[in-house]
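Here's a quick briefing on how a small molecule sits in its protein, plus a look at some ring pairs. Have the structure open as you read.

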Amino acid sequence: MSALSIEDAAQVVRPPAAGLPYLRLDRAGEVVLDGGALAIDGDRIAGFAPDATARRIDASGCAVVPGFVDCHTHLPFAGWRAAEYALKVAGRPYEEIARAGGGIAASARAFAEAGDEQVLAQAGALAAEMLAHGTTTFEGKSGYGLSEAAELRALALAQELGARVAQTTDSTALLAHAVPPGREAGAWLDAVAALVPQTTATALDIYVESMAFGLDDLARMGALAAANGRDLRAHVEQFSTMRSVPVALEAGARSVDHLACLHPDDVDVLARAECAAVLLPGAEVLGDERVAPARALADAGAIGVLATDLNPGTSPITSLALIVGLAVRRYGWSAREAIMAITLNAAWVLRRSGELGSLEAGKRADVVVLDAPLEHVPYRFGHNPAAIVIVGGEIVHVRADQAWRIA
Ligand code: NIG
Ligand code: FE
């Protein structure tokens with residue numbers, strides 16, 4: 001590890017103050033886009049003056065941003081479900097596909113059939129793709145196991161994946177994703193209660209939906225999380241309005257994710273809470289879901305977050321830049337709102353915002369040099385803007401046409 005001096009940037013994107021755990025999006029207008037330099041010493045950000053002794057990176061015309069944090073993916077999973085997507089596009093609803101044996105159950109069968117190395121090879125390739133698109137930290141969930149042993153296997157593979165990839169990773173135990181075939185929701189949650197202490201996952205997750213788990217199960221998962229010292233996260237209000245958010249907040253949730261069908265009366269209560277609103281516009285668009293009330297949430301001061309939801313069913317998307325493009329167009333968000341939603345605020349969901357997620361002296365040097373100013377990220381929809389990706393002070397990816405920038 002050595003020192004790096006990123007110089008002459010058009011923008012060095014920073015929060016309005018140092019030490020913020022998150023930025024409520026009604027303050028996103030204060031995000032600083034001034035140009036300049038960023039110095040890295042070892043694995044840390046050293047400061048904002050050029051360092052003449054360090055290896056120089058020419059960032060002229062570029063935005064320098066924190067490494068992207070994808071706080072909601074379903075890695076690891078096995079195989080894909082392209083045929084289901086074709087059915088969905090032709091008008092078949094997700095619930096109907098799931099009830100016919102597709103959906104989560106189909107991915108659980110694929111996971112059971114795949115060997116460990118096969119699962120790790122697929123997930124590792126996806127992690128490399130994410131890295132090349134600027135994602136330097138990601139979370140992954142279990143949830144395609146649907147049995148005690150298979151859920152533990154998924155969490156063990158997630159840990160192994162973390163050891164093999166360049167990124168920082170966290171795993172979430174999504175132990176209530178679908179009611180396992182032949183079991184009943186309540187009985188499965190009894191099994192989950194016994195499973196939690198056997199895992200090291202930092203958060204528990206549950207899918208609340210008419211075809212999955214109910215509000216009582218959500219409250220129970222919250223109690224389980226509290227009793228085991230884990231965070232509660234929840235997939236809520238994706239396909240129907242169940243008024244899950246007040247229940248999740250009461251249960252102490254750190255994030256509520258999806259929210260396409262959020263009830264208008266729940267916008268303010270969520271925005272005022274210390275709970276992130278994790279929006280997944282990739283799943284919304286590809287799943288033909290409703291549009292989350294994202295503009296209202298941001299205006300009301302929510303801790304707004306964007307993530308890919310990378311999974312074989314609703315969102316086979318690896319690029320957070322693409323998600324930003326969707327969010328800005330679909331939600332009427334600014335590029336400033338979107339960048340906070342994939343960096344500092346996403347890091348807060350993972351309890352890592354003290355350590356990474358913004359360009360601040362002393363923080364971990366996870367940095368992306370974009371090939372253009374920030375506003376180009378949503379504008380050049382589908383383009384990969386990540387020119388140089390740095391993790392912990394190491395240059396881990398350089399786009400072929402950008403190598404000239406590095407001395
Ligand atoms: O976040 N909605 C629940 N879970 C996933 C999809 C799971 C699947 O279809 O494989 C989601 O959208
Ligand atoms: Fe999800």
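An oxygen atom of ligand 1 is 3.2 Å from an N or O atom in the side chain of His74, which fits the cut-off for a polar contact (a pair of N or O atoms within 3.5 Å). This is a predicted model, where local features need pLDDT of at least 70, side-chain atom pairs need 80 or more, and totals for chains, interfaces and linings use all residues. Side-chain values use heavy atoms, without hydrogens or water, residues are numbered from 1 along each chain as its sequence is written, and chains are lettered from A and ligands numbered from 1 in the order written.

**More polar contacts**
- Gln238 has a side-chain N or O atom 2.7 Å from a nitrogen atom of ligand 1.
- Asp309 puts a polar side-chain atom 2.9 Å from an oxygen atom of ligand 1.

**Around the ligand**
- The protein covers 100% of the 330 Å² of accessible area that ligand 1 has on its own (Shrake-Rupley method, 1.4 Å probe).
- 15 residues surround ligand 1, meaning that each has a heavy atom within 4 Å of it.
- Among the closest are Arg81, Tyr94 and Thr314.

**Aromatic pairs**
- There are 4 aromatic pairs, counted when ring centres of Phe, Tyr or Trp (its six-membered ring) lie within 6.5 Å; planes under 30 degrees apart are stacked, over 60 edge-to-face, and the rest tilted.
- Phe77 and Trp80 have ring centres 5.3 Å apart and planes at 75°, so they're edge-to-face.
- Tyr94 and Phe239 are stacked, because their ring centres are 5.0 Å apart with planes at 20°.

Methods. Polar contact = N/O pair within 3.5 Å; in protein donor to acceptor, adjacent residues only side chain to side chain.
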